Amino acid sequence: MGILLRDVRLPERGATSFWVRIRADRIDGVSSEPLAPDAGDEIVDAGGKLAISGFVNAHTHLPMVLLRGLADDVPLEEWLERHVWPVERKLSPEDVYWCTLLALAEAVRGGTVAVADMYFHTDRVAQAVEESGVRALLSYGMIARSMSEGGEKELRTTERIAATWQGAAGGRIGVAVSPHSTYTCGEDVWGAAKELAQERGLRIHTHVSESRREVATVRAQTGGSPPEYLERLGVFEVPVLAAHCVHVSPSDLDLLGRGGVAVAHCPKSNSKLGSGLAPVAAMRARGIRVALGTDGAASNNRLDMIEELRAAWLLARGPSEDPRALSAKDAVLMATEEGRVALGLPPARLQPGDAADIVLLSLDGVHTTPAREGTSTIAFASQSSDVTDVLVAGQWLMRDGRLLTIDEERVQSEVGRLLRRHTN
Ligand SMILES: [Zn+2]
């Protein structure tokens with residue numbers, strides 16, 4: 001049994017009405033002529049909605065939704081040390097499970113089909129991801145000065161998580177190795193992390209050059225910038241997903257480019273924390289792959305990819321005084337296909353053979369009328385509440401605005417309960 005979508009619009013294809021046929025987890029046909037259903041196919045009349053490849057949130061910490069709105073107006077280091085880490089130290093695996101489900105409910109409602117998450121109590125994050133039906137590149141955030149000061153244990157945790165979850169949930173879940181950053185992990189920890197990633201064929205997901213202070217600290221400790229240090233340690237020999245890359249010099253960009261590093265640009269988080277703006281146009285001009293991430297909800301405060309891609313193109317254009325710095329099409333690509341490559345996911349370009357990770361967006365709102373062209377409507381006018389239906393690997397996660405895999409009422413009441421516990 002498959003799914004036959006009728007009367008959908010496609011980005012870049014004007015007002016033409018299309019049929020899309022889905023078999024198992026893939027798209028089997030796309031045509032402006034009626035496609036024939038097979039016996040038992042579910043036929044869905046999309047009524048002229050826009051069908052797009054679902055969004056990929058390439059850097060987040062899902063359970064941090066619990067910290068949404070906590071200390072909104074302080075700088076990064078103070079925010080982490082005085083506000084975030086004290087709460088996180090008290091989180092139980094159960095807390096992390098419910099918070100992950102809350103985050104995923106928001107993500108799916110906004111059309112996100114895949115996330116790259118870095119956190120702890122990773123088994124419970126993975127359990128929530130498996131139940132929700134989204135795709136994810138999961139990792140345990142390792143923090144250790146050296147292998148003898150906790151690094152051994154952190155690495156063993158990562159090894160166990162990789163053995164348990166890599167390829168789980170029918171291939172929807174992948175695992176990355178995540179030394180948290182160059183300022184929170186020592187040299188031998190980075191060396192061991194790289195070896196583990198190499199041995200198991202895994203990616204490394206980390207934070208790079210987020211703040212000016214971080215770069216100064218790493219330079220004082222290692223004699224180089226974070227990209228220079230990682231290059232010297234040979235980390236770029238494995239595929240790397242690097243969040244932020246805000247304070248990077250032209251020679252850092254050369255290293256990232258040569259190393260094939262994918263950047264997860266987080267414009268809202270970097271702006272909220274006053275960290276600065278990544279040089280996205282310069283990165284893309286050098287052929288560096290740039291995906292988009294929300295970062296954790298505590299520094300955003302949303303997990304809303306439409307809002308994120310809008311922030312990306314506005315902040316690429318305004319400060320540079322260059323309206324060509326980032327096009328609507330590029331911003332949408334960063335939020336979708338670029339993210340898929342960065343996470344190692346199969347392509348989903350709405351063509352036969354590609355993954356059936358499809359989001360339907362209503363174009364009927366007063367704020368999207370007239371919707372002349374799909375891509376520019378998403379970038380300039382749509383909002384996450386326009387998302388009505390979400391399909392991942394051929395499975396419905398949301399139909400007509402209703403989540404099918406997450407019990408939102410239950411999740412909100414559980415999170416409400418644990419919030420009372422953490423504030424008492
Ligand atoms: Zn982060």
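What volume does the second largest pocket have? The second largest pocket has a volume of about 390 Å³.

## Basis

This is a predicted model: local features need pLDDT of at least 70, side-chain atom pairs count only at pLDDT 80 or more, and totals for chains, interfaces and linings use all residues. Residues are numbered from 1 along each chain as its sequence is written, and side-chain values use heavy atoms, with hydrogens and water left out.

## Zinc site

Four protein atoms act as donors to the zinc ion: His 59 (NE2), His 61 (NE2), His 207 (NE2) and Asp 295 (OD). They lie 2.1 to 2.5 Å from the zinc ion. Donors are N, O and S atoms within 2.8 Å of the metal (3.2 Å for Na, K and Ca); water is not among the atoms, so sites may look incomplete. Along the chain, the spacing of the donors is H-x1-H-x145-H-x87-D.

His 59 and His 61 are both buried. Buried means under 20% relative accessible area, exposed over 50%, partly exposed in between (1.4 Å probe, protein chains only).

## Cysteines

The whole structure has zero disulfides. A disulfide is a pair of cysteine sulfur atoms within 2.5 Å. The sulfur of Cys 185 is 16 Å from the closest cysteine sulfur, in Cys 245, so the two are too far apart for a bond. Cys 185 is buried, with a relative accessible area of 3%. Cys 99 is buried as well, at 1%.

Note on methods:
On a 1 Å grid over the protein atoms alone, a cavity is a set of points where a 1.4 Å probe fits but cannot get out, and a pocket is an open set with protein on both sides within 12 Å along at least five of seven lines; lining residues have an atom within 4 Å of a point. Grid points are joined across faces, edges and corners, and a volume is the space filled by probe spheres set on the points.
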